[in-house]
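Visitor: Could you take me on a close look at a single part of this model? I would like to hear about the salt bridges and where their partners sit.

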Amino acid sequence: MACPGHLLQGLTEDEDVRAMLRGSRLCKIRSRTWQKERLYRLQEDGLSVWFQRRIPRAPSQHIFFVQHIEAVREGHQSEGLRRFGGAFEPARCLTIAFKGRRKNLDLAAPTAEEAQRWVRGLAKLRARLDAMSQRERLDHWIHFYLHRADSNQDSKMSFKEIKNLLRMVNVDMNDMYAYGLFKECDRSNNEWLEGPEIEEFLRRLLKRPELEEIFHRYSGEDRVLSAPELLEFLEDQGEDDATLAHAQQLIHTYELNETAKQHELMTLDGFMMYLLSPEGAALNPAHTCVFQDMNQSLAHYFISSSHNTYLTDSQIGGPSSTEAYVRAFAQGCRCVELDCWEGPGGEPVIYHGHTLTSKILFRDVIQAVRDHAFTLSPYPVILSLENHCGLEQQAAMARHLHTILGDMLVTQLLDSQNPEELPSPEQLKGRVLVKGKRLPAARNEDGRILSDREEDNEDEDEEEEAGAPEQRRRAKQISPELSALAVYCCASRLRTLRPAPAPPQPCQVSSLSERKAKKLIREAGNSFIRHNACQLTRVYPLGLRMNSANYNPQEMWNSGCQLVALNFQTPGYEMDLNAGRFLINGQCGYVLKPACLRQPDTTFDPECPGPPRTTFTIQVLTAQQLPKLNAEKPNSIVDPLVRIEIHGVPADCACKETNYVLNNGFNPRWGQTLQFQLRAPELVLVRFVVEDYDATSPNDFVGQFTLPLSSLKQGYRHIHLLSKDGASLSPATLFVHICIQRS
């Protein structure tokens with residue numbers, strides 16, 4: 001039987017990988033007192049690492065996947081190791097940080113060399129995984145399950161083992177049909193499949209009839225695509241660069257058969273490779289790098305923003321952590337929040353005031369900003385300060401900002417910059433801006449000024465008047481040192497928007513609760529959009545949302561609000577929309593707003609967007625290799641349905657869904673067409689959702705993918721699904737046909 005080791009191809013002789021396959025006893029560090037030695041071993045699949053637990057759990061609870069790793073850090077480079085790893089020299093330590101909500105794994109190896117083996121080995125495996133095509137991942141995936149289904153590991157498969165394999169890969173096939181398929185492949189007629197017979201069974205199992213049908217439509221009788229025939233397909237797809245040279249280049253890139261390649265022909269296998277590649281995906285590959293104009297005013301961009309960034313859980317009792325900032329930056333966040341309170345020993349701390357959340361030092365957060373803010377994106381970071389400190393600790397905050405950030409910190413207007421305009425992301429590359437209160441030119445002797453806490457003159461925000469009178473008095477003062485750092489982001493209260501507003505003040509930023517923002521959208525409409533064409537507005541969730549729930553950000557984007565702050569630690573459709581909005585433009589955290597939201601004299605109003613001008617038609621054809629929701633229950637097979645959600649101006653918001661397919665998450669077929677009429681397509685996000693249908697309770701989430709309509713490619717496309725917390729569900733895909741007609 002083929003060994004499930006494709007990922008290890010070229011790495012089986014690698015000393016680091018071999019050491020990982022043998023396993024290492026590594027010390028897992030969770031606190032000063034919880035430091036336990038555990039065995040960690042790379043699985044034969046090369047995709048996952050098995051680890052020992054004190055109390056054995058279900059098999060899926062004993063592994064983590066290489067594709068879910070966000071970063072591997074050497075030495076004491078995590079909050080956990082800095083606090084609790086003092087007994088271990090840095091050279092023996094490493095941190096594995098994961099995508100989504102999974103906690104960091106802080107480890108200490110017996111020797112520095114063993115730690116290095118894991119650091120280097122994981123880097124090689126991650127690089128190999130990134131380089132694998134979707135077809136290779138699929139091949140790898142099926143062989144992994146094949147290996148598991150071969151219960152006695154004799155490299156032969158009985159019909160019973162084949163039935164187990166089918167259940168593992170999420171398909172409940174009729175026994176007669178499955179046995180018929182089994183017997184067709186059992187050439188030796190001995191009730192076992194082995195070697196080539198197994199490969200033949202897998203080939204039949206992985207057949208894509210809908211792709212074969214499309215292929216044969218263009219290839220004609222000879223069953224191969226010539227470059228001109230492939231060009232015809234590309235033209236029908238609506239490809240921008242549909243030329244004969246491009247068709248030839250695709251054949252050379254994706255065709256597996258060397259003879260066909262030499263004759264500039266594409267076989268069905270090559271065609272599948274192409275359609276499963278990033279070039280055949282729904283997301284426009286040209287939009288995956290920075291492609292927008294980055295030289296406009298900051299006010300002209302949506303900016304990825306986080307609320308209560310320091311929290312890793314709920315607002316009431318969740319832990320605060322510098323790791324939450326690192327994680328937000330890894331997701332492309334460019335505006336983070338710091339709730340600053342008086343701490344012991346003259347050191348300000350960050351936490352959710354008057355709650356049971358733990359505290360972290362202000363200076364540690366600023367160090368995390370220095371070390372991690374620009375690893376993913378070079379564009380500016382905004383520190384949104386919510387200041388509850390007295391003058392002395394405010395001066396300490398200013399001192400830490402200066403000494404830790406150095407030249408990164410913006411301390412004065414840029415030389416070439418018109419003081420009446422905000423600079424551009426390009427001009428501010430690698431720089432950190434502070435959003436806070438400024439002292440007026442003429443001020444009282446004691447430096448008194450309004451608070452710079454979340455601005456809302458309604459009493460809806462529990463933070464507004466919280467704390468003892470002494471704390472409130474302190475928070476209404478601001479030190480000259482901190483005031484001087486609010487250069488381009490001076491916090492100010494937005495009281496009213498008159499029909500003919502006063503001249504814009506670009507360097508002033510208003511912070512509004514979601515309720516206040518909704519009120520302005522409702523009552524001021526176009527005036528609010530014009531305000532946001534010149535000035536920054538930050539929106540944050542209501543303080544009443546104790547479980548760190550989020551609001552729908554689309555409503556705020558519709559009105560041009562730039563800093564729409566969400567709880568990054570809370571997965572859900574709101575964070576899916578945020579990830580979809582910032583998926584494009586190199587995931588740099590800045591996305592240029594549509595022209596109708598950038599013009600100072602715009603007449604656009606999201607409540608009255610005009611008549612429909614775009615028809616969006618989507619044919620939901622098939623899905624492939626959907627994940628099992630309960631890996632421990634072999635008979636638990638999904639009944640998938642697909643829902644298409646449109647998020648845009650209120651008149652465009654809609655969702656439609658297909659029927660469900662019974663007991664098939666492996667290769668369900670729908671062939672259903674869903675259509676939408678759109679009035680403001682430039683603001684639309686499309687969310688593709690797959691759910692497991694349940695007649696008696698709410699459907700279970702299987703996977704989703706969200707992206708802007710303007711970055712969606714037309715024609716036959718694969719959609720690569722993501723989990724609840726944004727991790728890849730590879731090889732799970734949806735196959736659809738997309739048509740966008742503009743009137």
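Guide: Happily; what follows is a walk through the salt bridges, with a short stop at the nonpolar core.

This is a predicted model, in which local features need pLDDT of at least 70 and side-chain atom pairs count only at pLDDT 80 or more, while totals for chains, interfaces and linings use all residues. Residues are numbered from 1 along each chain as its sequence is written, and side-chain values use heavy atoms, with hydrogens and water left out.

Side chains of opposite charge can pair when their charged atoms come close. The term salt bridge is used here for a side-chain nitrogen of Lys or Arg within 4 Å of a carboxyl oxygen of Asp or Glu. By that criterion the structure holds 34 salt bridges.

Let us begin with Arg538 and Glu337, whose closest N and O atoms are 3.6 Å apart. Arg538 belongs to strand S21 (residues 536–540) and Glu337 to strand S14 (residues 335–341), so this salt bridge ties together parts that are 201 residues apart in sequence. Strands here are DSSP runs of E with at least two residues, helices are runs of H or I with at least four, and both are numbered from the N terminus. Arg538 is buried, at a relative accessible area of 0%, and Glu337 is buried too, at 1%. Buried means under 20% relative accessible area, exposed means over 50%, and partly exposed lies in between (1.4 Å probe, protein chains only).

Next comes Glu347, which forms a salt bridge with Arg363, the closest N and O atoms being 3.0 Å apart. Glu347 sits in the loop between S14 and strand S15 (349–350), and Arg363 is in helix H14 (residues 362–372), 16 residues apart. Glu347 counts as buried at 18%, whereas Arg363 is partly exposed at 30%.

A third pair is Arg370 with Asp371, where the closest N and O atoms are 2.9 Å apart. Arg370 is partly exposed, with a relative accessible area of 34%, and Asp371 is partly exposed at 36%. Elsewhere, salt bridges that share partners join Asp14, Asp16, Glu113, Arg117, Arg120 and Lys124 into one network.

Now for the nonpolar core. Such a core is a set of buried Ala, Val, Leu, Ile, Met, Phe, Trp, Tyr and Cys residues joined through side-chain atoms within 4.5 Å. The largest one has 93 residues, of which Leu338, Leu383, Leu401 and Phe616 touch the most other members. Strand S31 (residues 728–742) gives the largest share, 6 residues.
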